[in-house]
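Student: Could you take a close look at the backbone angles in this one for me? Once that's done, I'd like to know how the spots you pick fit into the rest of the chain.

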Amino acid sequence: PLAQVTFTSETATGWQQATFATPVPVTAGTTYTVSYTAPQGHYAVASNAFFSSGIDAPPLRVAGGFGAPAAGVYSAPGTYPSSSYNSSNYFVDVLFDTTDHSPLTVIGRQPLDGATSVAASSTVQAVFSKDVVPSSAAVTLTPAGGSAVAGSTSYDAATRKVTFTPSAPLVDSTVYTVAVAATDATGASISGPSSWTFTTATAAQQGGTSVSFYDDTSTPSILEVPDPGPVTLGVRFASSVAGTVDAIKFYKGPGNIGTHVGSLWRVSDGALLGTVTFVGESTTGWQTAQFATPIAIAADTEYIASYRAPVGRYSATLDAFSGLGVQRAPLRTTTNSGAYTYADAYPAATTGTSYYVDVVFTRPPSPLVVSAQSPAPGGVGVPVASSVSVSFNQPLAAGASLALTAGGSA
């Protein structure tokens with residue numbers, strides 16, 4: 001079935017007409033069946049109407065005559081009408097137009113509206129509900145508080161897709177607004193929403209006290225596994241140093257909806273150390289939920305970070321935990337570090353698949369230590385023209401100073 005419509009305000013007898021909410025496109029040279037359901041029977045019929053010939057109403061044609069497939073067909077309600085009797089005509093008809101008068105709308109968006117973790121190298125695409133004048137298809141991409149992005153626009157008439165390719169990579173961690181414009185063959189513009197927003201990914205991790213296994217630009221090979229049941233998904237991990245788990249993360253596809261709850265478990269005894277509910281989620285991309293209080297974890301001890309997907313449709317990469325697994329010092333995983341259970345409980349089952357579950361781990365700050373001094377402490381006979389310097393084991397905050405004192409006075 002391509003479309004359905006209910007007849008309303010019918011007359012006592014005569015032709016009745018019902019208009020589809022959206023006109024149904026048909027392809028030249030293709031056979032279609034149009035039907036209606038008569039709940040009480042008593043339908044109109046003309047026997048042998050297609051026995052000798054069909055009906056021509058160019059460009060439409062109903063086949064008929066010797067050897068032609070049956071044109072008048074019927075079946076039980078709710079099933080495809082394929083039975084025939086006596087070359088009958090049941091007086092069912094269509095209203096056909098070579099011009100599509102349906103409203104022009106945007107039916108596809110990439111990146112999705114509200115998406116996060118969008119790669120800076122992404123293009124922007126929109127799909128129209130029907131053919132448009134190619135020269136009218138336009139896309140404007142604007143960063144928050146900035147000017148329109150330079151780039152090129154192309155239109156593929158076969159797929160009704162317009163694509164905008166930026167001239168340079170987009171800026172990290174920035175909200176962009178997309179505005180699409182076009183007109184159809186009748187000159188009508190887009191009806192309904194024609195703009196949306198998305199947010200680019202943050203830059204890759206580079207040192208610092210907080211670390212996660214995956215960067216914001218990391219994406220799973222399978223956006224949505226077609227598993228529709230509720231399931232708990234996680235990652236088994238350990239850290240070479242003690243620290244705190246501040247948050248749980250997971251990658252979300254657009255079909256992974258519902259309320260997601262993150263949990264942190266200790267593997268040795270299955271103890272639940274903390275839970276957190278994800279709020280303010282984007283339509284797709286990495287989601288992060290911060291624990292109210294960071295949870296301390298011990299060095300070289302296994303834990304599982306998990307989240308509950310109430311309708312399944314989770315993201316995954318097969319065999320991600322084969323070989324060396326996924327590593328990001330001081331965090332580490334091993335073979336079969338993927339964890340899951342269909343119960344709302346400790347995810348004890350293991351697998352080599354990564355479900356793109358992650359943590360935000362913070363190691364304790366290293367103490368500031370003097371690593372070198374010049375001249376050396378206690379040195380004698382130091383030339384009076386010598387410079388004085390001190391080196392440390394880590395960068396200093398802005399405004400650091402060095403004072404030199406002689407004989408008790410600066």
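Tutor: Buried means under 20% relative accessible area, exposed means over 50%, and partly exposed is in between (1.4 Å probe, protein chains only). By that scale Asn48 is partly exposed, at 42%. Before going on, note that this is a predicted model, where local features need pLDDT of at least 70 and side-chain atom pairs count only at pLDDT 80 or more, while totals for chains, interfaces and linings use all residues. Numbering runs from 1 along each chain as its sequence is written, and side-chain values use heavy atoms, with hydrogens and water left out.

Now the angles. Most residues other than glycine have a negative phi, and most peptide bonds are trans. Asn48 isn't a glycine, yet its phi is positive, about 60°. Ser9 does something similar: its phi is near 50°, again positive in a residue other than glycine. You'll find Asn48 in the segment before strand S1 (55-57), and Ser9 sits in that segment too. Strands here are DSSP runs of E, at least two residues long, and helices are runs of H or I, at least four, all numbered from the N terminus. Ser9 is exposed, with a relative accessible area of 76%.

Next, the peptide bonds. Going from Gln110 to Pro111 the bond is cis, with omega near -5°. Pro111 belongs to the loop between strand S3 (106-110) and strand S4 (115-118). Ala329 and Pro330 are also joined by a cis peptide bond, with omega about 5°. Pro330 has its place in the loop between S17 and S18, that is, strand S17 (303-309) and strand S18 (331-332). Ser322 lies in that loop as well, and it is partly exposed at 41%. If you want a feel for distances, take Ser322 and Phe20: they are 302 residues apart in sequence and 53 Å apart in space, C-alpha to C-alpha.

So much for the angles; here's the rest of the chain. DSSP gives 0 helices and 23 strands. The C-alpha trace spans about 120 × 55 × 40 Å along its principal axes. The radius of gyration (over C-alpha atoms) is 33 Å, whereas a compact globule of 410 residues would have one near 22 Å; that rule is 2.2 Å times the number of residues to the power 0.38. Of contacts (heavy atoms within 4.5 Å) between residues at least 6 apart in sequence, 70% join residues at least 24 apart.

Buried residues make up 32% of the 410. The largest nonpolar core has 34 residues; such a core is a set of buried Ala, Val, Leu, Ile, Met, Phe, Trp, Tyr and Cys residues joined through side-chain atoms within 4.5 Å. Leu233, Phe237, Leu264, Ala305, Tyr307 and Val357 touch the most other members. The strands that each supply at least two residues include S12 (231-239), S13 (243-252) and S21 (357-362), and S17, which leads into the loop of Pro330, is one of them too. S16 (285-297) is another supplier, and gives the largest share, 5 residues. A second, separate core of 23 residues includes Leu104, Ala120, Val162 and Ile190.
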